[in-house]
Amino acid sequence: MNTSETLADLVAAEDVLLFVNAAITATGQREFRSDAVGQQLSLDFLHAYVRVNYRRVYASSLALDINDHNAARIVLGLLETAGEASAEERRTEGRLIAARLALLPPQRVYRLFGEVRRAGINNRRTRAIMRDWLAARPDLGHDAVKYRGGVKTAARHIHLRCPEGAGPLAEVGAFLFRPGRLPRYEHRLLDAWRRAHYEQGAVAELPFTVAEGFAARHGMKREVFLKRAAPRMTRLERLRTHSVTQRPEIDLTAMPLTRLALYVLSLPFEQRAARRTELTGALRTAARRAAGGHAGSWGRVHAVLDDSFSSSGSGQKRRRPLAVALAGHHLLEVLAAPGAYRGLWTSGRGDALLVRPWGPTPLGMRVLDALEPGPGGAAPDRLVIVSDGWDNAPAGLAGEVLRVWRKRLDPGRRTAVVHVNPVYDADGFDVRRLAAGVPTAGIRDAEDLPALVEIARFAEGRTGAAELHAYLDRRVALFLGEKETVS
């Protein structure tokens with residue numbers, strides 16, 4: 001391979017990693033240092049650039065741990081530009097789209113179908129994908145009540161046959177397109193919706209988000225309504241109303257790790273301290289579940305965790321960066337060998353449960369501390385940095401420390417260093433990096449950390465596009481194989 005081909009491969013690999021990092025971290029919402037408009041414009045450019053130049057990679061990204069916002073955008077982009085793909089590419093894309101739609105929350109899929117209709121994408125393949133997804137829904141009557149506008153839009157777009165007469169599909173059709181024509185419905189939720197217009201007792205039978213509107217219409221007291229609705233709330237709905245009900249009926253041990261960390265950080269310090277045993281135990285349980293078979297396999301692990309003021313996030317992503325650091329702290333403790341973990345917060349705090357966004361970001365000083373040998377005089381096997389990368393006390397020290405460490409003190413790479421960044425930098429079209437020689441990966445949920453460490457190794461510049469494409473092909477095969485096994 002000549003020099004120009006090698007350079008082209010490296011550029012292609014860098015472009016792919018740029019997009020993957022963005023697809024994991026960016027949601028088009030305001031961040032601490034950039035507004036929503038800048039985030040959206042940056043994402044628009046990246047999606048268009050990668051779809052046009054690396055369509056295979058663009059579709060393969062659906063098999064990675066990208067966030068739901070970008071997964072929906074990729075699906076829309078692939079459907080909108082189907083004419084630019086070959087027949088074989090369309091077949092693969094169709095399977096990837098179907099598999100990813102099965103994993104997305106239904107409200108996001110219905111929102112996507114609305115965008116498909118507004119964009120005028122009405123070819124046979126698109127209608128088949130939508131029809132298959134609707135057919136696979138466990139209870140279309142439930143969807144018709146909870147996501148009425150979305151189901152109605154999708155049904156119209158694919159010309160869903162809703163015959164008159166008896167049967168579930170006939171009732172859904174009457175509910176959506178001929179309301180008030182039937183005196184009653186056989187489907188429990190459809191009939192509860194009909195009765196809720198005049199019968200207060202039927203309100204509690206409805207999905208929580210629908211019942212809220214009826215409760216307000218009937219003038220029900222909030223506390224009474226929440227008590228009656230509690231058995232039918234989802235876990236997130238219980239969390240959202242927990243401060244109102246003051247009923248600690250939430251099974252914290254069943255919550256995903258990052259979501260649990262967000263909940264913990266939303267509590268006042270007094271509650272965190274009073275519930276220390278419960279909260280710490282729940283975080284450790286969630287971390288063990290997230291680590292799975294990787295538990296205890298990472299050897300000696302030292303971590304630098306960013307709890308500076310910028311970890312407060314934004315009004316739309318409140319405390320998200322700090323939650324990723326807190327969740328990562330507990331996950332890394334499980335991934336490390338027993339007793340071989342050391343976590344260092346940029347603020348210098350030693351109590352992880354009581355962290356808060358505060359102060360500057362002295363990453364360089366904490367990296368120096370983290371590279372110090374642990375018990376027995378041994379350097380860490382892994383150094384993991386969880387930060388937005390804005391090293392400012394003093395500026396640039398972390399990158400210089402890591403450069404000197406790698407070049408002078410550890411040229412043999414005995415210590416693996418990785419930086420995971422939960423914040424997308426719209427101006428740089430990527431997550432902010434600490435140093436050229438330090439692999440950096442975007443992260444949204446701490447649970448994805450083991451997989452992201454594998455992706456981050458491609459950012460070191462020692463591998464080209466061929467190896468990266470081979471990795472993507474393995475992930476696609478695994479993704480589609482798992483879906484086929486489940487079905």
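Helices and strands on this tour are DSSP runs, numbered from the N terminus. The model is predicted.

**Whole chain**

Start with the full protein chain, which holds 22 helices and 7 strands. Its radius of gyration is 25 Å, close to the 23 Å that the globule rule gives for 487 residues, so the chain is as compact as a globular protein of that length. Along the principal axes, the C-alpha atoms occupy a box of roughly 80 × 60 × 40 Å.

Colour by pLDDT next. The average for the chain is 89, and 93% of the residues score at least 70. Select residues 244-248, where pLDDT stays under 50 and the model has 6 contacts beyond four places in sequence. Then select residues 483-487: pLDDT is below 50 here too, and this stretch has 4 contacts beyond near neighbours in sequence. Where pLDDT is low, the predicted coordinates should not be read in detail.

**H4 against H6**

Show helix H4 (residues 68-80) together with helix H6 (residues 106-118). Their axes come within 10 Å and cross at roughly 30 degrees. Angles under 35 degrees count as roughly parallel, and H4 and H6 are therefore roughly parallel to each other. The crossing of H4 and H6 is right-handed.

For the side chains, select Asp 68, His 69, Ala 72, Val 75, Leu 76 and Leu 79 on H4, and Arg 108, Leu 112, Glu 115 and Val 116 on H6; these residues make the contact. Sorted by class, the contact of H4 with H6 has 6 nonpolar residues, 1 polar and 3 charged.

**H6 against H7**

Keep H6 on screen and add helix H7 (residues 124-135). These two pack at an angle of about 155 degrees, with their axes 12 Å apart. Angles over 145 degrees count as roughly antiparallel, and H6 and H7 are therefore roughly antiparallel to each other. H6 and H7 cross in a left-handed sense.

On the H6 side, select Pro 106, Val 109, Tyr 110, Phe 113 and Val 116; they meet Thr 126, Met 130, Trp 133 and Leu 134 of H7. The contact of H6 with H7 counts 8 nonpolar residues, 1 polar and no charged. Val 116 is listed in the contact of H6 with H4 and also in that with H7.

**His 159**

Move on to the loop between helix H9 (148-157) and helix H10 (168-177), and select His 159 there. What is the sign of phi at His 159? The phi of His 159 is positive, about 55 degrees, although this residue is not a glycine.

**Pro 394**

Go next to the loop between strand E3 (382-386) and H20, which is the place of Pro 394. Is the peptide bond from Ala 393 to Pro 394 cis or trans? The bond is cis, with omega near -5 degrees.

**H19 against H20**

From this loop, follow the chain into helix H20 (residues 397-409) and add helix H19 (residues 363-370). The two axes come within 7 Å and cross at roughly 30 degrees, which makes H19 roughly parallel to H20. The crossing is right-handed.

Finish with the side chains of this pair. Leu 363, Gly 364, Met 365, Val 367 and Leu 368 of H19 meet Leu 397, Ala 398, Val 401 and Leu 402 of H20. Which classes of residue make up the contact of H19 with H20? There are 8 nonpolar residues, 1 polar and no charged.

How values were computed. Residues are numbered from 1 along each chain as its sequence is written. Side-chain values use heavy atoms; hydrogens and water are left out. pLDDT is the predictor's confidence in each residue, from 0 to 100. Contact means heavy atoms within 4.5 Å. Axes are lines fitted to C-alpha atoms, for helices over the stretch in contact, and angles run from 0 to 180 degrees between N-to-C directions. Helices (H or I, at least four residues) and strands (E, at least two) are DSSP runs, numbered from the N terminus. Angles under 35 degrees count as roughly parallel, over 145 as roughly antiparallel, 65 to 115 as roughly perpendicular and the rest as oblique. A crossing is left-handed if the near helix is turned anticlockwise from the far one by less than a right angle, and right-handed if clockwise. Ala, Val, Leu, Ile, Met, Phe, Trp, Tyr, Cys and Pro count as nonpolar, Asp, Glu, Lys and Arg as charged, and the others, Gly among them, as polar. The radius of gyration is taken over C-alpha atoms; the globule rule is 2.2 Å times the number of residues to the power 0.38.
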